[in-house]
Structures are given as C-alpha cells and as structure tokens.
Amino acid sequence: MIAKTWNVSFETHRKGQRVMTTRKQSPALHEGRIPRISRLMALAHHLERLVVTGVVKDYAELARLGHVSRARISQIMNLLLLAPEIQEEILFLPKTMSGHDPIKLKHLQPICLEMDWGRQKEKWVLMSSPIKSIR
C-alpha cells in the first residue's frame, strides 16, 4: 500500500463558495492606492472626450447618466482648467500607502478658478511642497 500526503487548504470566496487549493498562496503585497484626485483628473479627461466626440450631448447628460448633480460634474470638470503641468503632476502623484489622501478636490477648487496659470503654479507649489518633501 502506498500512502501520499498532500497539503490542502480551503479558501472561502464570494457567496460562501469553498475552493480547495493544493498550494498555499502568499498574501498580496500592499502596494497602496492611487489618490482619489488622480482618478478624478483622469475621469475629467475621459468625460471631456465623451462630450467632444458627441457620445453624450452635454455635461447635464453626464450628470444624469452618472447619478450625480450638475454641480459635482462642474467640480470635476474644473480640474481641466488647471495648467497642464499641474494636471500632469496630479495624474502621477505617488500612491497613498495609508490614511487619507493629502490632496483633495476641495483643496484644488480655488486654484482651478484662478485664471492665470502662473498664479496657479505658485499656489500649487505652496500646496504640494509638503507632499513633495515626504517623497
């Protein structure tokens, strides 16, 4: 008689489904998350493309489709008023490893409403310098 020994583990997935595996999986590494403001900036560019290409009629339709208010769409779309260099920095902000994101949409709204890109950059440097020193 031949006896074999197997290491078997059971994992519980969605809806209580149990799956048998023969190898032990290592836990996924915690790599942080993309800051919300970076995702909102990408969303603003995507929504702008939808309007420009005619997929949706206007921002009001976007608000209806997204089940958000028109004011919220305006807040998100105002991110496109930022200087291109600032937009690029926002898109490539470092991942947040724990806690709250250091830059929030409400912090950027006054900068978005500044017409002069030079003054926008000055305000951005003042706001983002503590974050850059952490990197």
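A residue is called buried when its relative accessible area is under 20% and exposed when that area is over 50%, with partly exposed in between. Keep these cut-offs in mind as you move through this model, which is predicted.

Begin by selecting Asp101, which has a relative accessible area of 11% and therefore counts as buried. Now add Arg33, whose side chain forms a salt bridge with Asp101, with the closest N and O atoms 3.5 Å apart. This pair links distant parts of the chain, since Arg33 sits in the loop between β2 (18-21) and α1 (36-52) while Asp101 sits in the loop between α4 and α5, 68 residues apart. Arg33 itself is partly exposed, at 37%.

Next, select His100, which belongs to the loop between α4 (84-91) and α5 (105-112). With a relative accessibility of 70%, His100 counts as exposed. If you also select Pro35, you will find 8.9 Å between the C-alpha atoms of the two residues, although they are 65 residues apart along the chain.

Turn then to Lys121 and Glu85, whose side chains meet in a salt bridge of 3.3 Å, N to O. Here helix α6 (residues 117-134), which holds Lys121, is linked to helix α4, which holds Glu85, across 36 residues of chain. Lys121 is partly exposed at 34%, and Glu85 is also partly exposed, at 41%.

Finally, select Glu114, Asp116, Arg119 and Lys123, which are linked in a network of salt bridges. Within this group, Arg119 and Glu114 pair with their closest N and O atoms 2.9 Å apart; Glu114 is buried at 15%, whereas Arg119 is partly exposed at 45%. The structure holds five salt bridges.

Note on methods:
Residues numbered from 1 in each chain as written. Predicted model: local features only at pLDDT ≥ 70, side-chain atom pairs only at ≥ 80, totals over all residues. Heavy atoms only, no water. Helix = DSSP H or I, 4+ residues; strand = E, 2+ residues; numbered from the N terminus. Buried < 20%, exposed > 50% of the residue type's maximum accessible area, 1.4 Å probe, protein only. Salt bridge = Lys/Arg side-chain N within 4 Å of Asp/Glu carboxyl O.
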